[in-house]
Amino acid sequence: MKKRILGKSGLEVSAVGLGCMGLSQSYPPFLDKAKSVAFLQRAVHMGQMFFDTSEVYGVYENEKLVGEALEPFREQMVIATKFGWKIKEGKMMGLDSSPAAIRKAVDGSLKRLRTDYIDLYYQHRVDPKVPIEEVAGTMKELKEEGKILHWGLSEASVETIRRAHAVCPVAAVQNEYSMWYRKPEQELLPVLEELGIGLVAFSPLGKGFLTGTVTKDAVFADNDIRHTIPRFNNAENLRANQKLAEELSDFAKKKELAPAHLALSWLLYQKPWIVPIPGTKSVDRLQENMSSAYVELTEADRKQLDELLSRIEIVGARYSDAQESMTNR
């Protein structure tokens with residue numbers, strides 16, 4: 001598997017990582033525990049070494065799966081997980097990035113992941129009640145103690161990133177970025193390049209939309225995250241956005257590629273420090289996603305794709321109002 005380094009951190013990861021959330025939440029149906037562990041270990045044998053999880057995915061269950069699956073291969077793996085939630089009796093009760101909460105969270109994640117250290121530890125959502133300098137200071141202490149090797153931020157504003165980086169260097173920022181969500185290009189990418197911070201792009205396939213498998217008449221289960229998102233749960237938005245999926249599919253066919261190959265390779269060509277983490281539960285899709293790192297687009301291909309994207313307007317919000325309110329913008 002090709003590898004990349006996240007910014008100037010020195011942290012080397014798979015060029016295309018694996019988002020593990022869908023094994024436990026947001027994208028039903030879910031595999032049972034044995035099949036989930038087997039899938040993750042199959043990913044390792046296929047060459048994957050960068051796995052992304054969080055304490056809140058399935059409320060602890062996803063970390064347990066990742067920990068059990070990767071324990072035999074731990075030294076060769078890069079595991080990213082996240083903190084920042086107030087969790088009580090198995091339920092999310094809001095945000096909490098106080099130093100005491102962070103220390104409780106990291107000890108819990110270490111135990112569930114069956115490891116002595118976390119390679120990349122993200123603040124999942126910025127807590128407005130706790131100054132980011134205080135969070136960064138705690139991360140500095142955890143690094144000195146060897147509990148984490150690197151840290152990062154998720155869905156953070158550029159101002160927050162600058163303030164955090166000044167206290168303890170940030171290795172990576174996790175943010176949605178794809179052919180159908182390009183807002184990071186406006187402010188985020190220039191700041192990350194300036195500061196030498198990597199970008200880990202989640203939902204790089206537009207929550208499945210860019211693969212061409214989401215039809216204009218799609219209906220999502222109540223426990224499917226897309227059920228809450230205007231780009232998916234509004235029939236007019238879904239129909240209007242089909243133009244992008246259709247044209248991407250047509251372009252892919254001409255190149256004898258899958259749409260996912262184009263979407264992921266396009267992301268990889270944007271910057272050498274960008275690493276997408278598509279999620280899947282299918283070995284075939286996993287192989288497809290990982291092989292995108294080997295797709296070579298010509299300059300003419302890239303120009304044609306950019307032209308295609310520039311003339312197609314994407315309609316509908318990427319998050320519900322409640323989800324968007326949790327981001328640090």
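With a relative accessibility of 6%, His 124 counts as buried, since the cut-off for a buried residue lies under 20% relative accessible area. The model in which this residue sits is a predicted one, and His 124 offers a convenient place to enter it. Along the chain, His 124 belongs to the loop between strand S8 (118-123) and helix H4 (132-144). Once its neighbours within four places in sequence are set aside, His 124 is in contact with Ser 54, Val 56, Tyr 57, Lys 82, Phe 83, Trp 85 and Ser 154.

One of those contacts, Trp 85, leads on to a hairpin. Strand S6, which spans residues 85-88, has a covered face made up of Trp 85 and Ile 87, whereas Lys 86 and Lys 88 make up its uncovered face. In a regular strand the side chains alternate between the two faces of the sheet. The partner of S6 is strand S7 (residues 91-95), and the two pair in the antiparallel sense over three bridges. Within this pairing, Trp 85 has Leu 95 of S7 as its bridge partner. Two residues stand between the strands of the hairpin, and Glu 89 there takes a positive phi near 50°.

From the hairpin the view can be widened to the whole protein, which has 12 helices and 12 strands. Its radius of gyration is 19 Å, close to the 20 Å that the globule rule gives for 329 residues, and the protein is therefore as compact as a globular protein of that length. Taken along the principal axes, the box that the C-alpha atoms fill is roughly 55 × 45 × 35 Å. Of the 329 residues, 56% are buried, while the protein exposes about 14,300 Å², of which carbon and sulfur atoms supply 50%. When contacts between residues at least 6 apart in sequence are considered, 75% of them join residues at least 24 apart. The protein carries 44 positive and 45 negative charges, and the mean positions of these two groups are 1 Å apart.

Eight of the strands form an open sheet, in which the pairing is parallel and the order is S3-S4-S5-S8-S9-S10-S11-S12. Strand S3 (18-19) and strand S12 (274-276) stand at the edges, and because each has a single partner strand, one side of each is left without a neighbour in the sheet. At the S12 edge, strand S11 (residues 198-202) runs parallel to S12 and is joined to it by three bridges, and Ala 201 has Pro 276 of S12 as its bridge partner. S8, the strand that precedes the loop of His 124, is also a member of this sheet, where it is listed between S5 and S9.

Several loops hold backbone geometry that deserves a careful look. Most residues other than glycine have a negative phi, and most peptide bonds are trans. Ser 203, in the loop between S11 and helix H7 (230-233), nevertheless has a positive phi near 50°, and with a relative accessible area of 15% this serine is buried. Glu 256 also has a positive phi, near 55°, and its place is in the loop between helix H8 (235-254) and helix H9 (259-270); this glutamate, however, is exposed, with a relative accessible area of 74%. In the loop between S3 and helix H1 (33-45) lies Pro 29, which is joined to Pro 28 by a cis peptide bond with omega about 0°.

Two helix residues complete the tour. Ala 38 is found in helix H1 and is partly exposed, with a relative accessible area of 42%. Although Ala 38 and Ala 69 are 31 residues apart along the chain, their C-alpha atoms are separated by 7.3 Å. Ser 291, in helix H10 (residues 283-291), is likewise partly exposed, here with a relative accessible area of 27%. Between Ser 291 and Leu 188, which are 103 residues apart along the chain, the C-alpha atoms are separated by 27 Å.

Definitions and conventions. Residues are numbered from 1 along each chain as its sequence is written. This is a predicted model: local features need pLDDT of at least 70, side-chain atom pairs count only at pLDDT 80 or more; totals for chains, interfaces and linings use all residues. Side-chain values use heavy atoms; hydrogens and water are left out. Helices (H or I, at least four residues) and strands (E, at least two) are DSSP runs, numbered from the N terminus. The radius of gyration is taken over C-alpha atoms; the globule rule is 2.2 Å times the number of residues to the power 0.38. Buried means under 20% relative accessible area, exposed over 50%, partly exposed in between (1.4 Å probe, protein chains only). Contact means heavy atoms within 4.5 Å. Accessible areas come from the Shrake-Rupley method with a 1.4 Å probe; for residues, only the protein chains shown count as cover. Lys and Arg count as positive and Asp and Glu as negative; His and the chain ends are not counted. The place of a charge is taken as NZ of Lys, CZ of Arg, CG of Asp or CD of Glu. Two strands pair if DSSP finds at least two bridges between them.
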